[in-house]
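These are my notebook entries on a single structure. I set down what I looked up, entry by entry.

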Amino acid sequence: MSDKKSIEELLKLLAMGGEEKQEDPQNTEKHKFWSTQPTVKYEEASKIAAEGPIDKIKTPDQVPNNPLPLIDQFEWCTVDVENDKELDELYKLLYDNYVEDTDATFRFKYSHEFFKWALKPPGWRKDWHTGVRVKETGKLVAFIAATPVTIKLNKSKTIIDCVEINFLCIHKKLRNKRLAPVMIKEITRRVNKQDIWQALYTGGSILPTPLATCRYQHRPLNWSKLHDVGFSHLPANQTKSSMLAHYALPNEPKLKGLRKMEEKDVKEVLELLHKYQERFEIVQLFKEEEFKHWMLGQSGESNVIKSYVVEDSQGKITDFYSYYLLPFTVLENTHHDDLGIAYLFYYATDAEENYKTRLNDLITDALITSKKFNVDVFNCLTCQDNSFFLKDCKFGSGDGYLNYYLFNYKTFPMNGGIDKETKQVIDDKSSGVGVVLL
């Protein structure tokens, strides 16, 4: 392998902005904070008799009105994502401190448009974009965000209004100040004031206790460039030409009737998705306005989210797929400044016969269309029904894992698309996880 971090090693740092910890999950000494929170404890995970809230639900008027205290030199703030100056501050904080590889060679390249797409879905609240500043200078040194999400547990038909927690980031020089627990408690307080008591979040670290664990998957599109920057190595008994040929794709999509999704498609595609997602155990329920935002962006042609539909000869939409773009900046490389990265988002099909073939054709077209946006590698997890196409579409398993957590709610453990013991992909079997988080 290259001496630089491989793409899977970097990606596993993305969720919740933290380095993956390889500690003993039973060591509660290393989880003092989480052991005090309403999460499923390790010893309880295999003994859950019924799903439901962990803590007794309070009322918003029982939640303190004032923020948690901070040490003297810091103060709470709300980051105004509609203000370009404050977005620049958020960009700098995340760019310098959120996720990078050990050699500081690759960093996530956020844009204003990405922030507004990720942080301003319908129902967003300014006070859920929570920051910490240095009193004396006003410098932004920490951030955490919550965005509204509605999830459904298909086994029990339970619908939960909750939030997704994301972008937890603390300046490198303040990592020993124990700010993260305070940030989590404060965003919890702000969310609770709106009568919301559950949260969905992901992380590379093992915390009490994942409802499912998925594995990262990667499909090179521009192998030569990935090799140049140290993301891909040349296997033994292979040549660069043979690797390029192995990952080659047609120039044009295969599926007849494939086109970009438009606003007029929102209702029909959403109905298709909700029906399709009945096969999974945990899914996100979208209202039309939410779905429009997540699939089409805020206005006009989005540079972040790309969505396509397949329309048959009768005008019926039979399939759709979506992916979002979040590139890496490449530092200290004389040939390349960035890497184009796509992340599989939501998809659906009404196919029943030849289901696997249809998924393979659908995702192959996703790979082909993403090349038009200068994507060099296409990523996904083992969630949804991804195991039906991973092998044929030439995805490779990464070393990174993503754990899904549900705060203040216990659920039966779910299959994340991998074997519990070997961590290998379970081919051609639905996972339990139908929700995709940024």
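**Entry 1: two residues with positive phi**

I began in the loop between α6 (223-228) and α7 (240-246), where N237 lies. The model is a predicted one. I noted that N237 is not a glycine, yet its phi is positive, about 65 degrees. I then asked whether N237 is buried or exposed. With 80% relative accessibility, N237 counts as exposed, because the cut-off for that class is over 50%.

I looked up Q384 next, since Q384 is also a residue other than glycine with a positive phi, here near 50 degrees. I located Q384 in the loop between β16 (377-380) and β17 (396-407). The relative accessible area of Q384 is 2%, so I entered Q384 as buried.

**Entry 2: cysteines**

How many disulfides does a search of the whole structure find? I recorded zero. I then checked C214, which is in no disulfide and has the sulfur of C383 as its nearest cysteine sulfur, 5.1 Å away. C383 is likewise in no disulfide, and the nearest cysteine sulfur to C383 is that of C214, at 5.1 Å. Why does this pair not count? A disulfide needs the two sulfur atoms within 2.5 Å, and therefore a separation of 5.1 Å does not qualify.

I also looked up the accessibility of both cysteines. C214 has a relative accessibility of 0% and so counts as buried. C383, at 2%, counts as buried because the limit is under 20%.

**Entry 3: helix α5**

I turned to α5, which covers residues 179-192 and has 14 residues. From the first C-alpha to the last, α5 reaches 20 Å, close to the 20 Å expected at 1.5 Å a residue.

How many of the residues of α5 are buried? I recorded 10 of 14, and I therefore described the helix as mostly covered. Among the buried residues I listed L179, P181, M183, I184 and I187, and also E186, R189 and R190. What do the buried residues of α5 pack against? I found α2 together with the strands β2 (74-78), β4 (129-134), β5 (140-153) and β6 (158-170).

**Entry 4: the second largest cavity**

My search for cavities of 30 Å³ or more gave seven. I examined the second largest, which has a volume of about 150 Å³. Its lining consists of 15 residues, and those closest to the centre of the cavity are I165, I187, T188, A199 and F407. I187 also stands among the buried residues of α5.

Which elements give two or more residues to this lining? I noted β6, α5 and β7 (199-203). α5 gives the most, with five residues. By residue class, I recorded 12 nonpolar and three polar residues in the lining, and no charged ones.

**Entry 5: Q37**

I closed with Q37, which I placed in the loop between α2 (32-35) and β1 (52-53). Q37 has 12% relative accessibility and so counts as buried. Leaving out residues up to four places away in sequence, which residues does Q37 touch? I found K185 and F407. F407 is also one of the residues closest to the centre of the second largest cavity.

I last compared Q37 with P208. The two are 171 residues apart in sequence, and their C-alpha atoms are 9.2 Å apart in space.

Note on methods: Residues numbered from 1 in each chain as written. Predicted model: local features only at pLDDT ≥ 70, side-chain atom pairs only at ≥ 80, totals over all residues. Heavy atoms only, no water. Helix = DSSP H or I, 4+ residues; strand = E, 2+ residues; numbered from the N terminus. Buried < 20%, exposed > 50% of the residue type's maximum accessible area, 1.4 Å probe, protein only. Contact = heavy atoms within 4.5 Å. Expected span 1.5 Å × (residues − 1). 1 Å grid on protein atoms, 1.4 Å probe; cavity = no way out; pocket = protein on both sides within 12 Å on 5 of 7 lines; lining within 4 Å. Points joined across faces, edges and corners; volume = space filled by probe spheres on them. Nonpolar A, V, L, I, M, F, W, Y, C, P; charged D, E, K, R; others polar.
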